[in-house]
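Here's a walk through one chain, strand by strand and helix by helix. Have the model open in your viewer and follow along.

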Amino acid sequence: ASFLPAPKGISKLSPKSPRPAVSAEGEDVLARWSDGLLYLGNVKRVDSIKQCCLVRFEDNSEFWVLRKDIHSFSSGGEEVCCICDAPPLKEPLVNCLKCRHGYHPECHTPPIDPEVDPNSWICRQCVFAVATKRGGALKRGRFARLMQIMKVRLPYQLSSLDWDLQHLTNQQQCYCYCAGPGEWNLKMLQCGSCGQWFHEACTQCLTKPLLYGDRFYQFQCSVCTNGPETVQRLPMTWVDLAHLVLYHLSLCCKRKYFDFDHEIMSFANENWESLLLGTLSDTPRQDRCQNLLNALNSHKDRFVSGKEIKKKKCLFGLQVRPTTTTTTTKMKQTLFYRNNHTTRLL
Ligand SMILES: [Zn+2]
Ligand SMILES: [Zn+2]
Ligand SMILES: [Zn+2]
Ligand SMILES: [Zn+2]
């Protein structure tokens, strides 16, 4: 079995972070992956010390998943709150219409409005399960609106996370509005105000899908704006474009060198509109080639040509190859499972 990065410091999460009921071996669960989406799986082993479970997914891959990222279908029928494990206080728990889990109004994020109709209320987990999508969350309809309201508050304490020096990863593996795991360079946006990273699947502001490692956005999360997210494309140069395309291709294809005409140029041309190139976007097709080639050949600090390693000179790669800790292939393999568990949840 493969491992997600070793879980550390999970006890540092605030008591308000999701702490679902103990999963049992053999139980079917939804597990949040580093793309922010939930996937159907079955619990094979439980490690109560490290607070994680070995989950087998529908493609037969097995990964250790933190408890915080596992959601069980069964509410167990117990009369306890699924966040704090305590029984109701004066008032009864509010039950989610979809998953039937019970919540103390104050334990849910945001707290449940006392005016809400308890027979049609839907919890944060279920709103996210329906609204999150590859390429960007729903923008219209009831679930989009509910999600927007919930996103103004985080279900964890941002200040309690332990970050690396570059503020790319934290020890708790807690990112985004969903508190799920994440990989900063696998389709995530960083908020310019709070520094947290957000999954493409959980954002509602993008007009085009993200490329891997695309940091040419100025983004503000819903917590920081106290409303809808804001996003702006930063101005792009030919060197930026060359870097972005090579970075994306390296992560997608897991190799270092790419053919200029057949891979680099053809990828750029095919995705020209979605690359949102600003002033470069009007460049006629026949001129793009020379500009990109110049960029690749004139920045030896960033790019290596095949010529330098006695390979073909039409090959180019990045000096520093990007890396990730989780596998990107898993995400491709599980692409279609998304539909399965959504139907199951509904
Ligand atoms: Zn509670
Ligand atoms: Zn629910
Ligand atoms: Zn997310
Ligand atoms: Zn923010």
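Start at Val304, which stands opposite Gly317 in β15. Val304 belongs to β14 (residues 303-305), and three bridges join β14 to β15 in an antiparallel run. Helices and strands here are DSSP runs, numbered from the N terminus: H or I over at least four residues for a helix, E over at least two for a strand. Before going further, note that this is a predicted model, where local features need pLDDT of at least 70 and side-chain atom pairs count only at pLDDT 80 or more, while totals for chains, interfaces and linings use all residues. Residues are numbered from 1 along each chain as its sequence is written, with chains lettered from A and ligands numbered from 1 in the order in which they are written.

So what else pairs with β15 (residues 315-318)? Strand β13 (residues 258-259) does, running antiparallel to β15 with two bridges between them. One of the bridge pairs puts Asp259 across from Leu315 in β15. Put the strands together and you get an open sheet of three, in the order β13-β15-β14, with antiparallel pairing; strands pair if DSSP finds at least two bridges between them. β13 and β14 sit at the edges with a single partner strand each, so one side of each has no neighbour in the sheet.

A helix packs on this sheet: α4 touches β13, β14 and β15, and its direction makes about 85° with that of β15. Angles run from 0 to 180 degrees between N-to-C directions, and axes are lines fitted to C-alpha atoms, for helices over the stretch in contact.

Now follow α4 (residues 238-253) to α6: their axes come within 8 Å and cross at roughly 80°. That makes α4 roughly perpendicular to α6; the labels go by angle, with under 35 degrees roughly parallel, over 145 roughly antiparallel, 65 to 115 roughly perpendicular and the rest oblique. On the α4 side, Trp238, Val239, Leu241 and Ala242 meet Asn291, Leu292, Asn294, Ala295 and Leu296 of α6, where contact means C-beta atoms, placed from the backbone, within 7 Å. By class, that contact has seven nonpolar, two polar and no charged residues. Ala, Val, Leu, Ile, Met, Phe, Trp, Tyr, Cys and Pro count as nonpolar, Asp, Glu, Lys and Arg as charged, and the others, Gly among them, as polar.

Helix α6 (residues 285-297) also packs with α5 (residues 260-270), at an angle of about 120° and with the axes 11 Å apart. The two are therefore oblique to each other. In this contact, Phe260, Ile264, Met265, Ala268 and Asn269 of α5 meet Arg285, Arg288, Cys289, Leu292 and Leu293 of α6. The split here is seven nonpolar, one polar and two charged.

Next, look at Pro228, in the loop between α3 (222-225) and β12 (230-233). Is Pro228 buried or exposed? It's partly exposed, because 14 other C-beta atoms lie within 10 Å; 20 or more would make a residue buried and 12 or fewer exposed, with C-beta atoms placed from the backbone. Beyond its neighbours within four places in sequence, Pro228 contacts Gln148, Cys205 and Ser222. The C-alpha atoms of Pro228 and Gln148 are 6.9 Å apart, although 80 residues separate the two along the chain.

Zooming out, the chain has eight helices and 15 strands. Buried residues make up 36% of its 346 residues.

Conventions:
Contact = placed C-beta atoms within 7 Å.
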